[in-house]
Structures are given as C-alpha cells and as structure tokens.
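Please look over the sequence and the structure shown here, and then follow the paragraphs below through the interior and the helix packing.

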Amino acid sequence: MKNNYHTHTYRCGHANGNEEDMIKAAIAMDIEELGFSDHIPLPHYRRHLICSIPFVRNMTSVKSLITSIIKDGPNMRMPYKDLEDHLDTLRTLENKYKEQIKIYKGFEAEGLPQYFDYYESLLYEHKVDYLILGHHFHRHCIESDYNGKDKMSKRDIYNYCNDIEKALDTNLFSYVAHPDLFLCGYKNFDQDAITVSRRICTKAKELNIPLEINAGGMRSNKAYPSDDFWNIAAEIGNDVIIGIDAHDPEHFNQDIYKRLLDYVKGHHLHLIEQFTFLQGDFNKFQGEYDIRDKNSY
C-alpha cells in the first residue's frame, strides 16, 4: 500500500495517537504518501450547535449536543482552537520525515453549505492540500441529523443524496469517503436505495471524483462497505480508492490492506492509487463566511 489519505489523530476526540505516532506507523507499513484528514474544526461551532437545538429529537442527542457545546468540538471533531497547532505540527513533521514519507494536510468535512466559503479559504490560502467529503450530517452536526443513525427514513437517504450531489458540484472535495454510510441505518436495499446509490455513483463519475472503500466499516462490522452499493459502482465504472480511515497507529497493518484489496478485486472495481487535489472555485460561494475577510471566521 503506497498511499493513505484518510488519517485521524487524538485531536478529533475519538481517536488515539498524535500526528507523529501516525507517521511512524505509516512508515513502518512502507506507505510513501500519508494524508491527514481529521474531522474538520469549524469556526462558530457553538453557534452552529445552538441553532440546531430545535431539531434535536431524543435525549441521546441532547446529551451529545451539550457535551459538544461545552467542549467546542469533541467527541466528534477537532476544536477550532487546535487548527493552527495541528497544521504547524504537520509542517514540522513534514520536514523531519521528508526523506521517508510525503505528508499531505487535509480534513474530512461535511457538505454544509454555510461552511463552503470557510472550506475554500483553507484551500485558497494553502493551509491544507485537500478536503475529503465525509458527509456524516444533514444540515446540523447533531445525532438526529446523523446519516449513519440506526433508523434512516426514505426522506433521510434522499437528503443524503442531494447533499452529496451539491457538495461535489462545488469542486471542493477531492473524493467521497464511505459514500455508502447511509446504508448503516437503511436496512432494506429497495428501489429507493438503488436510486440513491446510482445517483451518487453517477455524479461522482461525471465529475471524475473517486469513491472510497473504507476500512473503518470493516473493522467495526458496520454496514459498509455495502456489496449492493459497490456492485452499482462497478457497473457505472467509478474510480475507487482505498482508505484505512486510521484512528489508531495499530490500524496501519497489512491485514486491513489485504482485506481492502480483496474487496476491490472481488467486486471488480477500478482501483486508482492517486487522485487530483481539487481546490474549489474562488468567489463561487455566497455563504456565511467570506474568505476575503479573515475576521468573519
């Protein structure tokens, strides 16, 4: 395995290991290019969560919401205050290990339109090299809007599909992480699931954006990777990459790589090793955050 662009650190609140721990583990696995993609820190995140309160539907969501407001990030994503320290750390380590591995800076981000200008600012100012679309939430970063929740309705999966299509049209996201996430909670692969899967695969194919076979689902025995979804991707001819989705240095191992590779071969998918880092379109968005005014975020 030469490349992995899906790597998390302790900063996201639900992973183990710091940036250097992950780099050392990747080097030990003979990985040549390593991309860091922690869950993106969001400015004004508390305000975003407070605006989400009317959409909370259960007590579990209430508890999660309160915790996130207090901590301004975990247990889901990196706090915004850690952004510069994280990027500075990666710059230092990039130079330290330059003879052994190539390091790229990125984030895994949701397709939230109110943050598109902020996302583009990170790319435009060269703070990060790439973003990947890990669309965990619809509208609000709360459990009620989680796209991998236990009970996904037909409306939920179409919202997921619409969100992904709109996000890919922005040219901000270099690939789609675990595009079959919605099938964790939508158990019956009926005509609606087929329609959603085809739309996602078709949009990615039209824009030449790869889809990711994600090792996280394999490790945790979740509903992804979904055979039904990836059979459609094979039929449509999508480019596919494999992502370790490392949340611990121990996740870098040959066993998981073999499982990923066997899955790709078994479903006759078109595997690619590298992809184009997309940068968005400057001044295309009219969201809440203006990239020309740093004080706005």
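Which residues of α5 are buried? This is a predicted model, in which local features need pLDDT of at least 70, side-chain atom pairs count only at pLDDT 80 or more, and totals for chains, interfaces and linings use all residues. Residues are numbered from 1 along each chain as its sequence is written, and side-chain values use heavy atoms, with hydrogens and water left out.

Helix α5 spans residues 116-124, and 8 of its 9 residues are buried, where buried means under 20% relative accessible area with a 1.4 Å probe and protein chains only. Those residues are Phe 116, Asp 117, Tyr 118, Tyr 119, Glu 120, Ser 121, Leu 122 and Leu 123, and they pack against α4 (83-96), β3 (102-109), β4 (130-133) and α6. Helices (H or I, at least four residues) and strands (E, at least two) are DSSP runs, numbered from the N terminus.

Tyr 119 also belongs to the largest nonpolar core, which has 83 residues and in which Tyr 119, Ile 213 and Phe 252 touch the most other members; such a core is a set of buried Ala, Val, Leu, Ile, Met, Phe, Trp, Tyr and Cys residues joined through side-chain atoms within 4.5 Å. A second, separate core of 9 residues includes Tyr 104, Ile 132, Ile 272 and Phe 275.

The axes (lines fitted to C-alpha atoms over the stretch in contact, with angles from 0 to 180 degrees between N-to-C directions) of α6 (residues 154-169) and α7 (residues 191-207) come within 10 Å and cross at roughly 5°. The two helices are therefore roughly parallel to each other, a term for angles under 35 degrees.

How values were computed. Buried < 20%, exposed > 50% of the residue type's maximum accessible area, 1.4 Å probe, protein only. Parallel < 35°, antiparallel > 145°, perpendicular 65-115°, else oblique. Contact = heavy atoms within 4.5 Å.
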